[in-house]
Amino acid sequence: MDERTQNAQAEREQIIQSLTRSILDAAKPHIDPATPQAEIDKRTREITERLQFESSVALSELVTRFSKTTPVDAKPTEERTFLRFGRNFRAQHMLMFTSIILLILTGMPLKFPEFGISKFMIVTVFGGLQNSTLIHRIAAVGLIIVGAWHLGYIIFSRMGRRDFWLMIPRPQDAKDAFHTVLYYIGRKPSGPKFGRFSFIEKFDYWAVYWGMVVMIGSGLILWFKEMFNKGLFDIAREAHSDEGLLATLAIIIWHFYNVHFNPEVFPMSWVWWTGRLTESELKHHHPLEYAEIVNAERKAVELRAEKQSASSESGS
Amino acid sequence: MRLQILLILLFLAIGSQVAAMERCLICHGKPDFSRVEETGRKISLFVDTTIIGHSAHSSRLCTDCHVDITTIPHAKRLEQVNCRRCHYSGNPVGAPQGELYDQYAQSVHGQEVMKGNPKAPICQDCHGAHDVQKHDSPDSRMAKKNRPKNCGSCHIEIYATYRESVHGVALLQDSVMDSPDCANCHGEHNIRRPSDTTSQVSASHVSQTCGECHGPMGVATKYGIKSDRTATFEDSFHGIAHQMESRTVANCASCHSFHDIRPQDDPKSSINVNNIVKTCGQTDCHPEATVQFASGKIHVDPHNKDSGLVYYITKFFTILTVATLAGLFVFIVLDLFRRAQKSRGGK
C-alpha cells in the first residue's frame, strides 16, 4: 500500500470519528440520563461501523465510475515476461491451424458419410461436394506452404535452427515421461523439470511432422490421381483417411487438453497469440530453461562489469 | 312353380349369353374377316375363340369389355376398352385391383397417355387384349421370360442390346430366373424416366437398385458373383459423393453401362481391360485417364486380405491410432486424477 492511499484512509477514519461525535452530541439532549454507559458505547460503535460501510460503498462507486483503470488493470506490479515464440513462428502456427481446421471440417464428413452431421456439413454448410473439395484443396495448399515455410525456418533462421535442435528427442525425454507417470500415481513428490521443450511438446511437434509428411504426400497422390495407378491411389486414400482421423483425434484430445482444457490453462494458453510467458509460468513449466536464461543474464552482467572495470582501469 | 320360373329364367340368361357370343362370331369368327384402311393396310378382325378361351377373361362376353356395342351391326370405330371399368377397388365381379393403376397413372407411360401421346402404352399394350393372362401364368406376356420381348415391342433397340447383355443371356438363353428382366430395374407400373429423381434407375437410386441383387443380401452370391459390390462402391469416393448428393459422380451404370452390361472378359464390355481407360476417361469423368490410372482393382475392400497392401496399411493405422490414443488418454486421466488429489489437499 503506498503512502497516498494510507493518508487517504487515515483521513477518512478521522472524518468518520468526527461525524460519529457530532451525531452523538446532537442526540445528547434526548437521551435518558439513566442509560448505562455500556449501551451508549455499543450504539456509538454501531454508528461508526455503519458510517465506515456507507463510506466504502460510496468510495467504490466513485472509483468504478471515474477511475480510468479497471480493477483487473490495477494489478500490483507488471510481471516480467519472456518471448517464447517469435512472430514468424506464431504466424506459421496460425496458418497451420486455420488450414487444419478447414481440412478437418471438409475431410471428416467424407470419412464418416453415414452420419447426419456429415451430410449437413457438406451439403448445407459448404454448399455441396464441389465446394467442400475445393476448400479442402485450398486449405491443403495452406498446409503445404506451412510445411515448406517451416522447413525454411529450421534451416535459415537462427531461432529455428536452435529450436529444431532442442526438439530432437533424447533419452531424457523417455525418463521424463516415466517420471511423470510415477508422479501421477503418487510415487514421486513432484514432476520432472523440463527445459525449453517438454516431452509432451516434443510429441506434439513430431506427431505433426509425421502427419504432415503422410497427409501432404498421400493428398497429392489423391489430387493428381490421373498421374498414378489405381493401386497407389488406394494406398494413398487409406493412409490419408486413417492418418487424418489419427491427427484429428490427437489434436482434439491431446493438444486441446494441454493448451485449452487442462485446468491450469483453461480456457486457453494465450502464448499462441502473445508469444510470451510470464516469469512464474516459465519458472513453473520450463524451470531448466528459466535457470539457463537467468544464468546467462547473470554472466552477461558480470562480463559487462568486468569489462567496465577493465576499461576504467585502463583509462585511468 | 316359382323354382321352375327361376330355372327357365336362368337358362334364358345363359342362352342369351351364348347367343351374344355367337352373334359376334358370326362375323368375327371368320378367319379372313378384315377391314382395309384408307392407307391400303389390311387389318384382320378375326377373333380366335381359343385365345379368349385360354385367357383370364374366358368367361367374359365381348360386350363386357366392348361396352359401346349396343346394336348389331355396331359402329365402325369402337372406343378403346377401359380396363378400369372392372378393375377398381370394390368392384362386384371380383376383378383384381390395387394401387398399381394409380402407380401407372403416375408413371412415364401413364403421364404420356394423359398428354395424348398415341404411342404411349395402355394396359392392353403390355398385358394383351384378347390374350390377357393372369400375371402368374407362364404364358402371360408379363411372365418373366416374356417380359423383355414384350417391352421390346416398343423399345426395340434396347431389347436388342439387353438380349446380348449378361442379364439378357442369363435369362433368355440360360433360363436363370434370378436374372433381372426390364421390370427388376425399371419397376412395373411405376416406371419413371431416368432423369426423374424418384426413378429406380435415376443416378440417386441406381446403386440401391443394383444392390438388390449385388448387395450383401442379394441373390448374386448364388451364382458366384461377389456381393460386396455396393458396399465397396459406397465406401469409395464415388459412393461417398453420392451420399453427399453429388450427381455428376460415377454410379454403377457409369462404368458397367446399363442395358449393355457385360462380363469383364467380354471384349465388348465397358469394364474390359481394353475399354476401361475409355470408360474412366469419359468427358465428364477423368478425361486425362491413362492406362496406369485405370489399371488395378476397382472395388477394393480395405478390410479384406485380398486387397494386399491396403489391408496392411489399414491394420497398421488401426493399431497406431488405438495405441496412441490409449496412451494419451491414460496420461490425461492420470494428470486429472493427480490434480484432483492435490486440490483435495493430498500430497
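Buried means under 20% relative accessible area, exposed over 50%, and partly exposed in between. The legends below apply this scale to a predicted model.

**Figure 1. Close-up of B:S175, a non-glycine residue with positive phi.** At 36% relative accessibility, B:S175 falls between the two limits and therefore counts as partly exposed. Its phi is about 50°, a positive value although the residue is not a glycine. B:S175 belongs to the loop that links helix 9 (166-173) to helix 10 (182-186) of chain B.

**Figure 2. Close-up of B:E245, a residue other than glycine with phi near 70°**. The loop between helix 13 (237-243) and helix 14 (252-256) of chain B holds B:E245. This residue is classed as partly exposed because its relative accessibility is 42%.

**Figure 3. Close-up of the cis peptide bond in chain A.** The bond from A:F266 to A:P267 is cis, and its omega is near 0°. A:P267 is part of the loop between helix 9 and helix 10 (271-274) of chain A.

**Figure 4. The largest nonpolar core, with residues of both chains.** This core has 13 residues, and those with the most contacts inside it are A:Y184, A:F199, A:I200, A:W254, B:L328, B:F331 and B:I332. At least two core residues come from each of helix 7 (171-184), helix 8 (199-223) and helix 9 (230-261) of chain A, and likewise from helix 17 (309-343) of chain B. Helix 17 of chain B provides the largest share, five residues. A separate core of eight residues lies apart from this one and includes A:M96, A:I100, A:A139 and A:M212. In soluble globular proteins, nonpolar side chains tend to be buried together.

**Figure 5. Surroundings of A:W254.** Leaving aside residues up to four places away in sequence, A:W254 touches A:I200, A:F203, A:D204 and A:L249 within chain A, and B:L328, B:F331 and B:I332 in chain B. Of these neighbours, A:I200, B:L328, B:F331 and B:I332 are listed, with A:W254 itself, among the residues that have the most contacts inside the largest nonpolar core.

**Figure 6. The interface between chain A and chain B.** In this interface, 46 residues of chain A are in contact with 43 residues of chain B. The two chains bury about 3900 Å² between them, with 70% of that area on carbon and sulfur atoms. More than any other three residues, A:Y184, A:E226 and A:K230 contribute to the area that chain A buries against chain B, supplying 19% of it.

**Figure 7. Polar and charged pairing across the interface.** Between chain A and chain B there are two salt bridges. The side chains of A:E264 and B:R339 form a salt bridge, with an N to O distance of 3.1 Å. Residue pairs in polar contact between the chains, both at pLDDT 80 or more, number 13. Two or more residues of the side of chain A that touches chain B come from each of helix 3 (87-111), helix 4 (116-125), helix 5 (129-156), helix 7, helix 8 and helix 9 of chain A. Helix 9 gives the most to this side, with 14 residues. By class, the side of chain A that touches chain B comprises 27 nonpolar, seven polar and 12 charged residues.

**Figure 8. Close-up of B:T314 in helix 17 of chain B**. B:T314 has a relative accessible area of 7% and is therefore buried. Not counting residues up to four places away in sequence, B:T314 touches A:E238 and A:D242 in chain A, together with B:P302 and B:H303 in chain B.

Terms used:
Residues numbered from 1 in each chain as written. Chains lettered and ligands numbered in written order. Heavy atoms only, no water. Core = buried A, V, L, I, M, F, W, Y, C linked by side-chain atoms within 4.5 Å. Buried < 20%, exposed > 50% of the residue type's maximum accessible area, 1.4 Å probe, protein only. Helix = DSSP H or I, 4+ residues; strand = E, 2+ residues; numbered from the N terminus. Contact = heavy atoms within 4.5 Å. Buried area = accessible area lost by both parts, 1.4 Å probe. Salt bridge = Lys/Arg side-chain N within 4 Å of Asp/Glu carboxyl O. Polar contact = N/O pair within 3.5 Å; in protein donor to acceptor, adjacent residues only side chain to side chain. Nonpolar A, V, L, I, M, F, W, Y, C, P; charged D, E, K, R; others polar.
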